[in-house]
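Subject: Handover of a structure and notes on its contents

Dear colleague,

Please find the structure below, followed by a short account of what was found in it. I hope that the notes will be useful while you look through it.

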There are 2 protein chains.
Amino acid sequence: MTSQPLPIASANGIATIAALIGDPARANILSALMGGQALTAGELAWHAGVGAPTTSGHLAKLSEAGLLAVERQGRHRYYRLASPDIAQVMESLMAVATAGPRRHRPPGPKDEALRTARTCYDHLAGRLGTTLADRMNERGLVILGDGGALVTGSGHDFLSGLGLAFPDAGGTRRPLCRVCLDWSERRSHLAGRLGAALLSCSLERGWIVRIPDSRAVAITEAGSQGFATVFGITPELLAADSSLAVG
Amino acid sequence: MTSQPLPIASANGIATIAALIGDPARANILSALMGGQALTAGELAWHAGVGAPTTSGHLAKLSEAGLLAVERQGRHRYYRLASPDIAQVMESLMAVATAGPRRHRPPGPKDEALRTARTCYDHLAGRLGTTLADRMNERGLVILGDGGALVTGSGHDFLSGLGLAFPDAGGTRRPLCRVCLDWSERRSHLAGRLGAALLSCSLERGWIVRIPDSRAVAITEAGSQGFATVFGITPELLAADSSLAVG
DNA sequence: CCGACGTTTCGTCCGCGGCCGAAGCGTTCG
DNA sequence: CGAACGCTTCGGCCGCGGACGAAACGTCGG
């Protein structure tokens, strides 16, 4: 009837972004970068499962589209997700992708490390992440809803006392506190600037260390003590069968 | 080195979903369905900008992948987004797509209706949506954070008094209250089961009516009065240049 | 200064997938 | 009962884009 549908604000832009994510090799690259670390082109080629030249082309496209940021360092080039918004897209895609026909995925030992503690882009996930959120909720530092979270006044004071500041990240409109529903625990953990601060703080203090070639992190001796004294997270709370005790 | 990177939980599934959204015609279809209404295959063909046979193929793929739900009615087939999760993906994609190089988009008269009041999947957006969220926040019915929102006790009582119940939507883990950052206002409005209830309630009471072939809605006489008495939203609050008065 | 390494560019091949026209099925109306 | 309509299926065309090998560029080490 009428000439053409109104060119919906960047419906074409949506297709462009989605098409970039829609290639298996590129999806692997982006998934690998969801670990939060910057990775070299070579490492990403390994994750992508294709050759170096092909990977280079993919990385160029992703960078030009603004999905990735690149940083030259010697003869390496480090790529990382360009913004938390990109991570948000990947996160929502994972929710859809895993929501489908619940394929039985036998949890191997490799998974166990991931389920205990891992990074989710720039914040903590796994049982450590969800337990941390729960404890902070119980102590009134944050209020945890199913669709969002808020930092309370006392929570802000508490975190300031830990030396955690929340810079506005250079004018970006990134939320202070978000929740992120993760695929393994099916429970919420803290994201946003707060989640990022908690992760970087934990890394700086040596409470956790990254496990190479994986999104999993290991909790150190200092971390075991630190999480217990500061947040009241005992190792028992992180036990693998805690779900059995609850359910 | 090692044989292959661990087959990341459904990284391939992510690519599949994203590739489906990544086609311009399909992106147009999904964008059109973000209005929240179920549309026929013919209407979607018009939105997609391709012929009927091609559209049929797209719809079959989207349905089989679980992105769309279809309902036969006479000789029509009505398609709608299969779940709020899908809407969440589209929402996050829009955030990325519009965040890019801020192309100057001169607001035409068509846009003005959209900016005033429109649907965003199954809840209200535009100035009506953001103002509604603000007023409920000021009145202590909800607490609005930048990364989430919570319904207070008094808010729950108030809404129950309006006859709004919040069924758990058939066991799905859909949040009661989410925020949705929209592209035009750059401010938060209420989504989740609460947002859906507010929209359907407004439609049932005849406070708003859908404008055909558009995501915009018009506020009726009854609506103008209803929003004012129940939520304290006066027409002045919805004026186009309210941002000027504030900024 | 030369070789090893990481990364990109170029050229080529090839297969997937979107698009349409024509035809087939089911429904609704005159 | 036949025509119009909505939608889908089929067949064929064609172009985009991902894959690799070979080679060029740039950086680090001996």
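A polar contact is a pair of N or O atoms within 3.5 Å; within protein, one atom must be able to donate a hydrogen and the other to accept it, and residues adjacent in sequence count only if both atoms are side-chain atoms. This is a predicted model, in which local features need pLDDT of at least 70 and side-chain atom pairs count only at pLDDT 80 or more, while totals for chains, interfaces and linings use all residues. Residues are numbered from 1 along each chain as its sequence is written, chains are lettered from A and ligands numbered from 1 in the order in which they are written, and side-chain values use heavy atoms, with hydrogens and water left out.

The DNA contacts come first. In the side chain of Arg75(A), an N or O atom is 3.3 Å from a base oxygen of DNA strand C. Two residues of chain B approach phosphate oxygens of this strand instead: Lys61(B) has a side-chain N or O atom at 2.4 Å from one, and Arg26(B) places a polar side-chain atom 2.9 Å from one.

In total, 21 residues surround DNA strand C, where near means that a heavy atom of the residue lies within 4 Å. Gly42(A), Tyr79(A) and His58(B) are among the closest. Of the strand's atoms within 4 Å of the protein, 73% belong to sugar or phosphate. Helix 4 of chain B gives the largest share of this surface, four residues; helices (H or I, at least four residues) and strands (E, at least two) are DSSP runs, numbered from the N terminus.

The two protein chains can also be compared. A rotation of 180 degrees, with 0.0 Å of shift along its axis, superposes chain A on chain B with an RMSD of 0.0 Å (least squares on the C-alpha atoms of residues with pLDDT of at least 70 in both). The two copies are therefore related as by a two-fold rotation axis. Gly148(A) has the C-alpha nearest the axis in chain A, 1.9 Å from it.

Finally, chain B holds an open, antiparallel sheet of three strands in the order 1-3-2; strands pair if DSSP finds at least two bridges between them. Its edge strands are strand 1 (39-40) and strand 2 (68-73), each pairing on one side only. Leu39(B) has Tyr79(B) as its bridge partner in strand 3.

Yours sincerely
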